[in-house]
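My notebook is open and the viewer is running. Here is what I looked up, step by step.

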2 protein chains.
Amino acid sequence: MSKIKKQTWRFNHPIYLAATGTAVGPLEARGPLSGSFDKEYEHLNCGEKTWAKSERALMRRAISFCLAKAGKAEGDIDLFLAGDLMDQSVTSNFIARENRIPFLGMFGACSTSMETLATSAQLVDSGFADHVLCAVSSHNATAERQFRYPTEYGGPTKLTQTFTVTGAGATLVTKEPGKVRVREATIGRVIDWGIDDASNLGTAMAPAAADTIWNHFQDTGRSPEDYDMIVTGDLSSVGSPILDEILLEKGLDITNVHQDCGTMVYTPDQPVNAGGSGCACSAVVTYGYLYNRLAEGSLRRVLVVATGALLNSSTPKEKETIPCIAHAVLLESAKEGQL
Amino acid sequence: MSKIKKQTWRFNHPIYLAATGTAVGPLEARGPLSGSFDKEYEHLNCGEKTWAKSERALMRRAISFCLAKAGKAEGDIDLFLAGDLMDQSVTSNFIARENRIPFLGMFGACSTSMETLATSAQLVDSGFADHVLCAVSSHNATAERQFRYPTEYGGPTKLTQTFTVTGAGATLVTKEPGKVRVREATIGRVIDWGIDDASNLGTAMAPAAADTIWNHFQDTGRSPEDYDMIVTGDLSSVGSPILDEILLEKGLDITNVHQDCGTMVYTPDQPVNAGGSGCACSAVVTYGYLYNRLAEGSLRRVLVVATGALLNSSTPKEKETIPCIAHAVLLESAKEGQL
């Protein structure tokens with residue numbers, strides 16, 4: 001069976017991450033996960049003349065590390081699945097123009113990291129592709145000016161607000177044995193509990209994360225203790241306790257194993273308010289720190305729940321509330337027996 | 001084998017369109033394909049107070065016709081794959097918020113129609129979903145103001161410029177026998193021949209369509225005569241002859257069977273300059289007119305090549321050229337033996 005109950009895919013073959021690649025900006029490089037990234041840029045411009053080009057440099061660099069570590073060239077890859085936060089996902093489009101790999105663009109806001117990984121694993125499992133490259137990116141300067149204010153304003157920010165991670169993550173998905181296995185994926189539904197404050201996306205996204213996590217455990221019959229970690233994408237210090245509380249009210253206690261990439265990637269004294277966000281937030285933590293720990297076997301099983309706020313810059317002006325989604329992927333260390 | 005050579009998927013099981021649904025605006029309703037659409041709105045506002053809501057009404061209506069004709073409810077559907085032209089694909093996000101079906105957002109600009117259909121067929125074929133709903137939309141007023149000028153300007157337009165189709169198309173993909181079969185899909189690469197004029201997207205997209213069509217015939221070993229029609233998405237009267245010429249130079253003559261949705265959907269006397277474009281252009285022609293003809297058996301095999309220009313409103317200001325893509329899906333009448 002490829003599908004377990006309603007929302008969860010279980011892959012029929014062992015599917016592996018052949019390698020990963022990550023690139024981050026200077027603030028992330030000074031955070032607690034420093035050293036787990038392949039490239040840490042000293043300047044926010046990443047050596048480029050425009051922010052849009054800086055974001056492309058991040059994705060380009062993450063992919064080149066990933067392919068080099070996997071010992072593959074672009075011509076060895078069947079499909080490229082990518083997305084980002086820029087209008088019409090142009091970072092991904094421009095990178096796809098360079099690598100010339102058959103391309104499926106995806107959009108799930110900050111959940112795109114696990115949306116692309118889940119879909120890639122499914123494509124490899126079913127034999128429609130042997131090697132799928134997936135990548136996402138975000139850049140603080142491109143995202144903040146697009147969704148909020150021109151960065152030069154230096155306007156005040158709310159304490160509930162998150163800070164877009166500057167970075168990119170890439171991975172190569174294949175059946176060839178590697179150190180980390182993709183075991184299952186739970187595809188999320190769009191949930192909206194009526195939050196209309198684009199400066200409080202952690203609160204807006206928490207119910208979507210709760211829905212996906214709840215359905216993952218309903219579909220699989222497992223409990224949080226079966227995993228070493230349940231890692232949400234970018235709920236931040238504001239949204240994370242709300243998620244825990246929603247699930248506790250339903251009788252599911254994830255508090256012992258729950259962490260959030262948005263609070264893992266920065267220290268509390270960094271100027272990021274509620275924590276990190278953006279497509280790159282879950283991607284650089286998953287493909288950097290978590291991948292390394294799964295590969296060495298110090299983590300056995302991690303459920304990565306990437307969260308996305310599916311708004312655009314007009315949504316608040318239209319007095320609309322914010323639709324949110326979360327996609328979960330179960331990663332296992334290849335050193336362990338399969339679940 | 002699920003994959004034929006480099007870019008083409010051949011589905012292992014018979015995969016069907018259980019039904020389709022289409023909704024269009026007033027200009028499309030007065031075009032030559034009038035009567036092939038399920039809903040033809042008399043006013044561009046589709047009974048809503050904002051253009052953004054009008055576009056949602058189109059997608060909502062197309063989906064409700066599709067599900068009603070298939071005799072399915074939203075709860076019967078495993079996955080919803082959708083995309084549109086609005087920043088961050090918000091039309092699709094808002095519709096996914098209403099239907100609560102597990103959702104994968106996709107972005108391929110106007111190629112999203114066949115990107116979602118190809119991926120849906122692949123998901124059903126491999127058993128990861130039994131019923132996948134896919135939908136795309138575009139609205140003249142939301143697209144023109146976003147990519148070009150506020151529509152109220154009434155500014156002059158170039159003759160090479162296309163006119164965004166107001167409409168939406170939806171289909172339900174399943175293994176349950178229906179009247180039209182999805183046989184193969186060829187996933188496109190991003191191609192950019194250096195066009196930087198956002199008012200001449202037909203010319204920009206022609207090389208991407210040529211690449212996908214060429215690779216489709218390379219992968220399958222067939223020739224254009226094996227198909228009753230090869231229909232491009234929105235190359236328009238400007239891009240279509242360029243496509244034909246590029247392929248003729250490579251020794252492939254599609255001129256006898258090639259038509260373009262952008263010139264099929266309007267009459268030459270309608271004020272649309274080079275023809276129609278937008279995600280809905282290929283979708284309403286394919287899920288309306290072409291579906292009907294395939295279902296009745298008056299067309300046996302049609303290759304739908306949806307074309308997309310992967311730019312955003314900043315791309316021309318950044319002096320960038322326009323990356324383009326095309327995805328092809330082979331549709332067959334169920335009345336005919338399989339190819």
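The entries below go from confidence to the interface, and then to single residues.

**Entry 1: Confidence**

I began by checking what kind of model this is, and it is a predicted one. For chain A, I noted a mean pLDDT of 95, with 99% of the residues at 70 or more. The scores for the model are ipTM 0.97 and pTM 0.97. I keep one reminder in the margin: where pLDDT is low, the predicted coordinates should not be read in detail.

**Entry 2: Where the two chains meet**

How many residues does each chain bring to the contact? I found 59 residues from chain B and 59 residues from chain A. The area buried between chain B and chain A comes to about 4,900 Å², and carbon and sulfur atoms give 55% of that area.

Next I looked at polar partners across the interface. Between chain B and chain A I noted 31 residue pairs in polar contact. Which elements of chain B give two or more residues to the side that touches chain A? My list reads β2 (8-24), α2 (51-70), α3 (90-99), β5 (103-105), α4 (112-125), α5 (140-147) and β14 (324-333). Sorted by class, that side of chain B has 26 nonpolar, 18 polar and 15 charged residues.

**Entry 3: Salt bridges between the chains**

Side chains of opposite charge can pair when their charged atoms come close. Across the interface of chain B and chain A, I found eight salt bridges. One pair I looked up is A:E320 with B:R97, where N and O are 3.1 Å apart. I also wrote down a network of salt bridges that links A:R56, A:R97, B:D192, B:E318 and B:E320.

**Entry 4: Salt bridges within chain A**

Over all chains, the count of salt bridges comes to 28. I picked three pairs in chain A to look at.

The pair A:K72 and A:E176 has its closest N and O atoms 3.5 Å apart. A:K72 sits in the loop between α2 (51-70) and β4 (79-84), while A:E176 sits in the loop between β8 (167-174) and β9 (180-186), so I am looking at distant parts of the chain, 104 residues apart. Are these two buried or exposed? Neither label fits: A:K72 is partly exposed because its relative accessibility is 22%, and A:E176 is partly exposed at 38%.

For A:E184 and A:R222, I noted a distance of 2.6 Å between the closest N and O atoms. A:E184 belongs to strand β9 and A:R222 to the loop between α6 (201-220) and β10 (229-232), so this salt bridge ties together parts that are 38 residues apart in sequence. A:E184 is buried, with 0% relative accessible area. A:R222 has 17%, and I mark A:R222 as buried too, because the cut-off is under 20%.

My third pair is A:R301 and A:E332, with N and O 3.2 Å apart. A:R301 is in strand β13 (residues 301-309) and A:E332 in strand β14 (residues 324-333), so the pair joins parts 31 residues apart in sequence. Both entries read as buried: A:R301 has a relative accessible area of 9%, and A:E332 has 1%.

**Entry 5: A closer look at A:N215**

I found A:N215 in helix α6 of chain A. Why does A:N215 count as buried? The reason is its relative accessibility of 14%, because buried means under 20%. Leaving aside neighbours within four places in sequence, A:N215 is in contact with A:Q7, A:T8 and A:R189. With A:Q7, the side chain of A:N215 makes a polar contact of 3.2 Å.

**Entry 6: A closer look at B:T8**

I then moved to chain B, where B:T8 lies in strand β2. B:T8 counts as buried, at 0% relative accessibility. Beyond its neighbours within four places in sequence, the contacts of B:T8 include B:S2, B:K3, B:E184, B:A185, B:T186 and B:N215.

I looked at B:T186 in particular. Along the chain, B:T8 and B:T186 are 178 residues apart, and their C-alpha atoms are separated by 4.2 Å. Their side chains are joined by a polar contact of 2.9 Å.

Key: Residues numbered from 1 in each chain as written. Chains lettered and ligands numbered in written order. Predicted model: local features only at pLDDT ≥ 70, side-chain atom pairs only at ≥ 80, totals over all residues. Heavy atoms only, no water. Contact = heavy atoms within 4.5 Å. Buried area = accessible area lost by both parts, 1.4 Å probe. Salt bridge = Lys/Arg side-chain N within 4 Å of Asp/Glu carboxyl O. Polar contact = N/O pair within 3.5 Å; in protein donor to acceptor, adjacent residues only side chain to side chain. Helix = DSSP H or I, 4+ residues; strand = E, 2+ residues; numbered from the N terminus. Nonpolar A, V, L, I, M, F, W, Y, C, P; charged D, E, K, R; others polar. Buried < 20%, exposed > 50% of the residue type's maximum accessible area, 1.4 Å probe, protein only. pLDDT = per-residue confidence, 0-100.
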